[in-house]
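This report goes through one protein model, beginning with a pair of strands and widening from there to the chain and to selected residues. Please keep the structure in view while reading.

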Amino acid sequence: MNSSRPYLVRALYEWIVDNDCTPHLLVNAEHAGVRVPPGYANDGQIVLNVSPSAVRHLHMDNDAVSFEGRFGGVAHSLYIPSAAVMAIYARENGQGMVFDLEPPLPGDDPEPEGDGPSGGEPSGSGGEPSRPSGRPSLKVVK
């Protein structure tokens, strides 16, 4: 059975935007295949504002979230495999959902075609995702 994570991320994104709030993704920046600008992650995690006014060419499918965003005034293409999304929440009130880490499925190709991980930084040992330290403090939708 497919992971429910990408379906929930898309649904919560739509719900957050429909309620005039700002959707943020908490991402495991050390997960295999993640492509984010180097130097912006802290403790192996990065929070990304994915509101329609902050990004261009947002694409969410069952494999990944991808878009163009600006960091320090410079445009970057970001690629976040679905398994690397740790949480999605509204900046204004913290409502959203935190996800458990998922191990990669056998035969999964975690990297988009023709691209490697961000900035040539290591993505963990032995192909296993590293568990970031600490957990975000978010309100969970019930």
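## The S3-S4 pair

S3 and S4 pair in the antiparallel sense, with 4 bridges between them, and the connection from S3 to S4 is a hairpin of 3 residues. Within this pairing, Met60 stands opposite Val65 in S4. The model in which these strands are seen is a predicted one, and the descriptions that follow should be read with that in mind.

## The S4-S5 pair

Strand S4, made up of residues 64-71, also pairs with S5, again in the antiparallel sense, and here the pairing runs over 8 bridges. Two positions illustrate the register: Glu68 has Ser77 in S5 as its bridge partner, and Arg70 stands opposite Ala75, likewise in S5. The hairpin of S4 and S5 has 2 residues between the strands, and in this hairpin Gly72 takes a positive phi near 60°.

## The sheet S3-S4-S5

Taken together, these 3 strands form an open sheet in the order S3-S4-S5, with antiparallel pairing. Strand S3 (55-60) and strand S5 (74-81) each have a single partner strand and stand at the edges, so one side of each is left without a neighbour in the sheet. Neighbouring strands of this sheet are turned against each other by 15° on average, when direction is ignored. In general terms, the strands of a sheet pair through backbone hydrogen bonds, either parallel or antiparallel.

How exposed is Ser77, whose place is in strand S5? With a relative accessibility of 42%, Ser77 counts as partly exposed, because the intermediate class lies between the limits of 20% and 50%. Leaving aside neighbours within four places in sequence, Ser77 is in contact with Arg35, Phe67 and Glu68. The C-alpha atoms of Ser77 and Phe67 are separated by 5.9 Å, although the two residues are 10 residues apart along the chain.

## A second hairpin, S6 and S7

Further along the sequence, strand S6 (residues 85-90) and strand S7 (residues 95-98) pair in the antiparallel sense over 3 bridges, and Ile88 stands opposite Met97 in S7. The hairpin of S6 and S7 has 4 residues between the strands, and in this hairpin Gly94 takes a positive phi near 75°.

## His24 and Tyr40

Is His24, which lies in strand S1 (residues 23-28), buried or exposed? At 10% relative accessibility, His24 counts as buried, because the class is defined by a value under 20%. Not counting residues up to four places away in sequence, His24 touches Val47, Leu48, Asn49, Ala87, Ile88, Tyr89 and Arg91. Among these, Ile88 is the residue that stands opposite Met97 in the pairing of S6 with S7.

Tyr40 is found in the loop between S1 and strand S2 (45-49), and at 39% relative accessibility Tyr40 counts as partly exposed. Apart from residues up to four places away in sequence, Tyr40 touches Ile46, Phe71 and Gly72; of these, Gly72 is the residue with the positive phi in the hairpin of S4 and S5. Tyr40 and Phe71 are 31 residues apart in sequence, and their C-alpha atoms are 8.5 Å apart in space.

## Aromatic rings

How many aromatic pairs does a search of the whole structure find? The search finds 1 aromatic pair. In addition, Arg10 lies over the face of Tyr7, at 4.9 Å from the ring centre.

## The chain as a whole

The protein chain has 1 helix and 8 strands, and, read along the sequence, these follow the pattern α-β-β-β-β-β-β-β-β. Of the contacts in the protein chain with a separation of 6 or more, 64% are accounted for by residues 24 or more positions apart; the contact between Tyr40 and Phe71, at 31 residues apart in sequence, is one of this kind.

Buried residues make up 38% of the 142 residues in the protein chain, with His24 counting as one of the buried residues. The protein chain exposes about 8100 Å², and carbon and sulfur atoms supply 49% of that area.

Key: Residues numbered from 1 in each chain as written. Predicted model: local features only at pLDDT ≥ 70, side-chain atom pairs only at ≥ 80, totals over all residues. Heavy atoms only, no water. Phe/Tyr/Trp six-rings, centres within 6.5 Å; stacked < 30°, edge-to-face > 60°. Lys NZ or Arg CZ within 6 Å of the ring centre and 35° of its normal. Pairing = 2+ DSSP bridges. Axes fitted to C-alpha atoms, helices over the stretch in contact; angles between N-to-C directions. Buried < 20%, exposed > 50% of the residue type's maximum accessible area, 1.4 Å probe, protein only. Contact = heavy atoms within 4.5 Å. Areas by Shrake-Rupley, 256 points an atom, 1.4 Å probe, with all protein chains shown as cover.
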